[in-house]
Amino acid sequence: MQTVMETLFDTVYLISVITIGIVMIRRCKGERQFRLFGCMAVVLGAGDAFHLVPRALALCTTGLDHYTAALGIGKLITSVTMTIFYVLLYYVWRLRYQVQGRKGLTAAVYGLAGLRILLCLLPQNQWLSAEAPLSWGIYRNIPFALLGLLVILLFYRSAKEQKDRAFRWMWLTIVLSFGFYIPVVLWADAVPMIGMLMIPKTCAYVWTVLIGYSAMKRECGQEK
């Protein structure tokens with residue numbers, strides 16, 4: 001039952017976010033923020049596919065133990081693409097709220113993203129091992145969490161100040177995604193059931209994508 005439900009959920013998720021992203025790129029009518037949002041959704045789905053597709057194959061065939069290397073590489077790629085996802089989301093914020101300058105802020109975003117990717121690429125992570133060290137899972141997620149916190153604060157403040165109803169819950173989707181993700185990083189190896197929190201975490205990202213898509217439909221005159 002777990003195999004069927006998890007595989008079905010992941011399939012619907014990947015198809016949905018990639019499709020929405022492509023639709024946004026094609027129908028954004030030249031609005032840069034929505035074209036970028038569409039690219040962001042495609043990066044999200046395509047990156048997650050590197051981990052979720054091998055996981056589905058493993059569950060449907062010989063089991064996770066026989067796909068350790070593929071799953072490890074998938075996690076590495078997903079870690080990098082998720083970092084890129086937040087950099088793109090930062091630029092969505094800049095475009096939507098017409099932010100100029102703020103070079104220090106941009107440097108902080110790139111610094112945190114670069115540090116996160118660098119930490120992910122270090123061999124100490126042991127991506128190909130079934131016994132990857134928890135300590136490095138924590139190290140590489142510290143700059144990632146700080147990057148997420150920065151984006152949360154930016155969207156919360158800007159949406160509130162400009163009374164942006166379309167994006168008023170964007171900050172909350174990111175809070176939820178990290179709220180469900182952090183316990184998985186810390187305790188999933190010891191308590192496997194905690195891994196189930198990846199489902200609501202994924203739903204939070206779908207909500208993020210739907211916020212952008214709904215805003216595009218309204219603001220680009222596509223509501224019927």
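Q: Helices (H or I, at least four residues) and strands (E, at least two) are DSSP runs numbered from the N terminus; where in these terms is Gln126 placed?
A: This is a predicted model, in which local features need pLDDT of at least 70, side-chain atom pairs count only at pLDDT 80 or more, and totals for chains, interfaces and linings use all residues. Residues are numbered from 1 along each chain as its sequence is written, and side-chain values use heavy atoms, with hydrogens and water left out. Gln126 has a phi near 50°, a positive value in a residue other than glycine. The residue is placed in the loop between α4 and α5.

Q: Is Gln126 buried, partly exposed or exposed?
A: Buried means under 20% relative accessible area, exposed means over 50%, and partly exposed lies in between (1.4 Å probe, protein chains only). The relative accessibility of Gln126 is 38%, so the class is partly exposed.

Q: What is the phi of Arg102?
A: Arg102 sits in the loop between α3 and α4 (103–121). With a relative accessible area of 38%, Arg102 is partly exposed. This residue other than glycine has a positive phi, near 55°.

Q: How many salt bridges does the structure hold?
A: Side chains of opposite charge can pair when their charged atoms come close. A salt bridge is counted when a side-chain nitrogen of Lys or Arg is within 4 Å of a carboxyl oxygen of Asp or Glu. The number of salt bridges in the structure is 3.

Q: How many residues apart are Arg55 and Glu6?
A: Arg55 and Glu6 form a salt bridge, with the closest N and O atoms 2.3 Å apart. Arg55 is in helix α2 and Glu6 in helix α1, so distant parts of the chain are linked, with a separation of 49 residues.

Q: Is Glu6, the partner of Arg55, buried or exposed?
A: Arg55 has a relative accessibility of 21% and therefore counts as partly exposed. Glu6 has a relative accessibility of 17% and therefore counts as buried.

Q: Which residues are linked with Arg96 in a network of salt bridges?
A: Arg96 forms a salt bridge with Asp164, their closest N and O atoms being 2.6 Å apart. That pair joins distant parts of the chain, from Arg96 in helix α3 to Asp164 in the loop between α5 and α6, 68 residues away. Arg96 also pairs with Glu219, the closest N and O atoms being 2.7 Å apart. The residues in the network with Arg96 are therefore Asp164 and Glu219.

Q: How many residues apart in sequence are the parts that Glu219 and Arg96 tie together?
A: The salt bridge between Glu219 and Arg96 has its closest N and O atoms 2.7 Å apart. Glu219 belongs to helix α7 and Arg96 to helix α3, so the parts tied together have a sequence separation of 123 residues.

Q: What is the relative accessible area of Glu219?
A: Its partner Arg96 is buried, with a relative accessible area of 13%. Asp164 is buried as well. Glu219, in contrast, is partly exposed, because its relative accessible area is 41%.

Q: Within what arc do the buried residues of α7 fall?
A: Helix α7 (residues 198–219) has 22 residues and reaches 32 Å from first to last C-alpha, close to the expected 32 Å, where the expected span is 1.5 Å times one less than the number of residues. Its buried residues include Lys201, Tyr205, Thr208, Gly212 and Met216. Down the helix axis they line one face, because the directions from the axis to the C-beta atoms fall within an arc of 165°.

Q: Which helices do the buried residues of α6 pack against?
A: α6 has 18 residues and spans 27 Å, close to the 26 Å expected. Among its buried residues are Met170, Ile174, Phe178 and Tyr181. With contact meaning heavy atoms within 4.5 Å, the buried residues of α6 pack against α2, α3, α4, α5 and α7.

Q: What is the area of the nonpolar surface patch that includes Leu146?
A: Patches are made of residues with over 30% relative accessible area and no salt bridge, joining like charges within 9 Å and nonpolar side chains (Val, Leu, Ile, Met, Phe, Trp, Tyr) within 5 Å; areas come from the Shrake-Rupley method with a 1.4 Å probe, and for residues only the protein chains shown count as cover. Leu146 lies in helix α5 (residues 134–161) and counts as partly exposed at 43% relative accessibility. With Leu134, Ile138, Tyr139, Ile142, Leu149 and Leu153, Leu146 makes a patch of about 610 Å².
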